[in-house]
Amino acid sequence: GFVAGKSKTDRMFELMDGFLKNDPDSLQKDILHHVEYTVARSRFSFDDFEAYQALSLSVRDRLIERWHDTQQYFKKKDPKRLYFLSLEFLMGNVINLGIRDQCAEALSQLGFEYEVLAEQEGDAALGNGGLARLSACQMDSLATLDYPAWGYGLRYQYGLFRQIILDGFQHEQPDYWLNFGNPWEIERVHVSYPVKFYGTVKEDTVNGKKCKVWIPGETVEAVAYDNPIPGYGTRNTINLRLWAAKPSDGYDIESYNTGDYINAIVNRQKAETISNVLYPDDRTYQGKELRLKQQYFFVSASLQDIVRRFKDVHGNFDDFPDKVALQLNDTHPSISIAELMRVLLDEEHLSWKKSWHILKQVFSFTTHTVLPEALEKVPIDLFQNVLPRHLQIIYEINFAFMEELKRKIGQDYVRLSRMSIVEEGAVKNIRVANLSIVCSHTVNGVSRAHYELLKTRVFKDFYELWPEKFQYKTNGVTQRRWIVVSNPSLCALISKWLGTESWIRDIDILTRLREHASNSDLQKEWMMVKKINKQRLAEYIETMSGVKVSLDAMFDVQVKRIHEYKRQLLNILGVIHRYDCIKNMEKTEREKVVPRVCIIGGKAPPGYEIAKKIIKLCHAVAETINNDDDVGDLLKLVFIPDYNVSVAELVIPGSDLSQHISTAGHEASGTGSMKFLMNGCLLLATADGSTNEIIEEIGEENMFIFGAKINEIPALREKDSSNNAPLQFVRVVRMVRDGYFGFKDYFKLLCDTVENGKDFYLLGSDFASYLEAQFHGDACWQNGMLGNT
Ligand code: C3B
């Protein structure tokens with residue numbers, strides 16, 4: 001019964017607080033409970049995987065409890081909610097609950113090892129690279145900082161492909177990660193919405209007013225899968241709601257009347273393909289129908305969910321902008337603009353004026369790129385076919401925008417056509433970025449340098465029109481994953497020297513370590529930690545590639561997606577130069593060489609030929625160097641296959657030096673550098689993206705900065721840049737061309753990208769200063785300044 005004077009809700013909070021305990025004894029009971037009743041194995045005999053399942057389910061129960069408390073709390077408070085819409089999330093495994101030690105103890109008595117069970121879990125690789133990992137770090141932060149936030153995305157059945165290397169070539173293998181189920185997610189069969197596609201638009205009258213009715217040609221059901229995300233040091237547990245496509249229940253007379261019952265069912269079943277697979281290219285947009293359907297599918301389901309939650313409490317839409325913030329993670333979810341407008345107009349029957357007034361207060365748009373070719377464009381024909389009503393709405397938004405613009409800038413038709421949402425030409429397109437800017441109250445860049453480029457180049461016209469819309473928030477990464485989880489030894493060290501764990505919540509507290517920076521005890525402990533992590537990494541390298549590496553060598557790492565602008569090729573050419581130098585040295589000179597292990601890892605988009613050739617070149621060069629006894633431990637080159645969040649957690653803490661060497665003006669921000677820095681690894685970098693701000697923060701004297709600056713790039717490109725290339729550059733490229741590492745014909749195209757006046761990413765003109773920075777790195781290592789004393 002209820003205690004007198006207490007509300008039912010208060011009583012519920014009280015009760016739940018006492019439900020699941022976190023002591024090892026209670027955890028053991030729960031684990032066995034799940035072994036017996038959920039996994040349905042005998043508690044007298046279950047293996048590591050089953051133990052992992054039971055453990056995850058036990059932890060999940062605790063998450064659900066917190067999740068319900070959080071929902072209940074916010075339901076009562078009705079705050080403005082932040083909805084983060086993203087087509088990609090790279091979450092990694094669940095962290096933050098703060099009961100790891102208790103779990104480990106509970107398991108050890110049952111005869112299992114926590115670490116071994118943790119290895120049973122694969123990554124949820126529902127994203128490509130930096131953008132997707134940023135989304136995950138943001139979710140962690142939002143939860144920890146007690147925000148009433150929701151993430152929305154797609155539950156792909158096939159995440160990012162697994163990279164297999166055969167003979168040095170990349171092969172892609174499907175990542176069917178749900179094969180053995182996902183113990184962390186909660187399937188919400190009752191949270192599902194119909195999503196419409198294709199069809200036609202008809203005129204109708206409702207309450208005496210004319211309106212549009214969209215008669216769809218296909219309806220697909222979106223079912224919610226919830227992934228609770230606990231904050232650190234708080235009970236706030238937010239939700240990442242991912243949608244899966246299921247055939248709709250709707251009885252479609254058309255297809256069943258043809259008499260072909262079997263085919264009608266087969267066709268319905270095809271609906272599931274919408275959420276099947278993640279597009280593995282994180283930059284170039286190809287205007288594919290499936291991609292547009294994926295975008296609209298997750299956006300439509302999310303908005304239906306958001307509007308339903310709003311309407312549960314509010315009778316009309318006046319307060320919508322005070323209760324709902326929609327954050328667009330790049331242009332991928334931008335179709336939600338037209339969708340919200342459609343819902344307000346066609347389903348809620350608000351006027352255009354009122355709908356537009358609401359709309360322009362709720363969206364904010366973060367762009368993650370500087371490359372104009374990466375800005376999404378959707379061919380009008382495709383749009384018309386898949387989303388006919390949305391196209392009408394976009395035309396109308398554009399018409400109003402063009403009228404407004406003409407009033408402001410006059411009849412400057414060149415500028416008008418540049419800024420139009422509709423691109424005219426042989427193929428007409430919708431420019432999704434323009435739509436996003438016109439309809440968002442804020443356009444956000446991901447670093448200061450990125451913001452400057454948005455203002456002066458990428459979105460110059462729009463900046464001049466609406467300077468107040470533009471801002472930036474420099475990217476960050478969460479120390480909860482990149483130190484606490486990935487580097488437990490460093491975590492312990494930091495807490496010990498700071499005398500507090502508060503830095504785990506508030507990263508600025510880390511600056512207090514400066515007071516101890518010159519303390520030799522701290523330095524010794526720091527080096528011990530690095531050794532442990534290098535050891536772990538060295539073992540991994542040996543199992544993955546068979547190469548034995550020396551722990552006394554400098555571990556020099558570049559791990560990220562493979563792209564020409566990120567210049568892994570510059571790195572490899574640098575390694576060839578180093579090898580060539582060593583080969584040509586006298587014995588006495590060789591004694592002074594700093595031994596290096598050069599580590600490269602990353603996936604190439606499957607259709608990106610040059611990126612794939614870069615991977616092959618890395619293997620070809622490694623084959624030559626690593627088998628040259630004459631060079632031995634002075635130089636090794638290893639490629640780490642299948643780079644992902646788990647691999648990053650292992651590689652980053654074990655690195656001494658890391659490379660972030662994009663051509664200046666191409667990396668919008670870069671976040672890998674921050675993860676390496678947190679783990680006490682120095683940076684060899686160009687003054688690009690967020691690196692510029694890191695320079696200000698830690699001082700150029702504490703980094704190895706090289707290469708042309710952002711504002712020097714255009715002039716360098718004007719000049720025939722391959723003529724700026726130093727002799728050393730010409731020499732190493734020639735070695736590749738001449739077949740020194742084999743595969744002469746195969747590498748021809750790759751060499752062509754940096755020679756004969758076509759060196760767009762300016763490897764040649766940056767090569768000399770790159771080598772200088774590398775040389776400086778060696779010198780610091782020799783003086784024990786790189787942390788190798
Ligand atoms: C990336 C950018 O390339 C990085 O510079 C940036 O740090 C991150 O986003 C996060 O902002 N990015 C990406 O991974 N995929 C895209 N399609 C566009 C940008």
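Tutor: Let's start with handedness: a crossing is right-handed if the near helix is turned clockwise from the far one by less than a right angle, and left-handed if it is turned anticlockwise. Keep in mind that this is a predicted model.

Student: Fine, so which hand does the crossing of H9 and H11 have?

Tutor: The crossing of H9 and H11 is right-handed.

Student: And how do I describe the packing of two helices in general?

Tutor: You give the angle between their axes and the distance between the axes. Here, helix H9 covers residues 289-313 and helix H11 covers residues 335-347; their axes lie 9 Å apart, at an angle of about 45°. That angle falls outside the classes for roughly parallel (under 35 degrees) and roughly perpendicular (65 to 115), so H9 and H11 are oblique to each other.

Student: Which residues of H9 and H11 meet?

Tutor: From H9 you have Gln295, Tyr296, Val299, Ser300, Leu303 and Val307, and on the H11 side Ile335, Ser336, Glu339, Leu340 and Val343. Sorted by class, the contact of H9 with H11 has seven nonpolar residues, three polar and one charged.

Student: Let me try another pair. At what angle do the axes of H2 and H3 cross?

Tutor: Helix H2 (residues 24-37) and helix H3 (residues 48-77) cross at roughly 120°, and their axes come within 8 Å. That makes H2 oblique to H3. As for the hand, H2 passes H3 in a right-handed crossing.

Student: What does H2 bring to the contact, and what does H3 bring?

Tutor: H2 offers Leu27, Asp30, Ile31, His34 and Val35, and these meet Glu50, Ala54, Leu55, Leu57, Ser58 and Asp61 of H3. By class, the contact of H2 with H3 has six nonpolar, two polar and three charged residues.

Student: Now burial. Is Asp759 buried or exposed?

Tutor: The idea is to count neighbours: 20 or more other C-beta atoms within 10 Å means buried, 12 or fewer means exposed, and in between is partly exposed. Asp759 has 26 other C-beta atoms within 10 Å, so Asp759 is buried. You'll find Asp759 in the loop between helix H30 (744-752) and helix H31 (763-782). Asp759 and Asn723 are 36 residues apart in sequence, with 9.6 Å between their C-alpha atoms.

Student: How many C-beta neighbours does Ile698 have inside 10 Å?

Tutor: Ile698 has 13 of them, so Ile698 counts as partly exposed. Ile698 belongs to helix H27 (residues 691-698). Going C-alpha to C-alpha, Ile698 and Met785 are 15 Å apart in space and 87 residues apart in sequence.

Student: What about backbone torsions: what is phi of His349?

Tutor: Look for a positive phi in a residue other than glycine; His349 has one, near 55°. His349 sits in the loop between H11 and helix H12 (352-362). With 12 C-beta neighbours inside 10 Å, His349 counts as exposed. Phe743, too, has a positive phi, near 50°. Phe743 is in the loop between helix H29 (727-737) and H30, and its 18 C-beta neighbours inside 10 Å make Phe743 partly exposed.

Student: Last one: which residues around the ligand come nearest?

Tutor: There are 18 residues around the ligand, and Gly130, Leu131, His368, Ala668 and Ser669 come nearest. To read the shell, sort its residues by class: four are nonpolar, ten polar and four charged.

Methods: Residues numbered from 1 in each chain as written. Predicted model: local features only at pLDDT ≥ 70, side-chain atom pairs only at ≥ 80, totals over all residues. Near = placed C-beta within 6 Å. Nonpolar A, V, L, I, M, F, W, Y, C, P; charged D, E, K, R; others polar. Axes fitted to C-alpha atoms, helices over the stretch in contact; angles between N-to-C directions. Helix = DSSP H or I, 4+ residues; strand = E, 2+ residues; numbered from the N terminus. Parallel < 35°, antiparallel > 145°, perpendicular 65-115°, else oblique. Contact = placed C-beta atoms within 7 Å.
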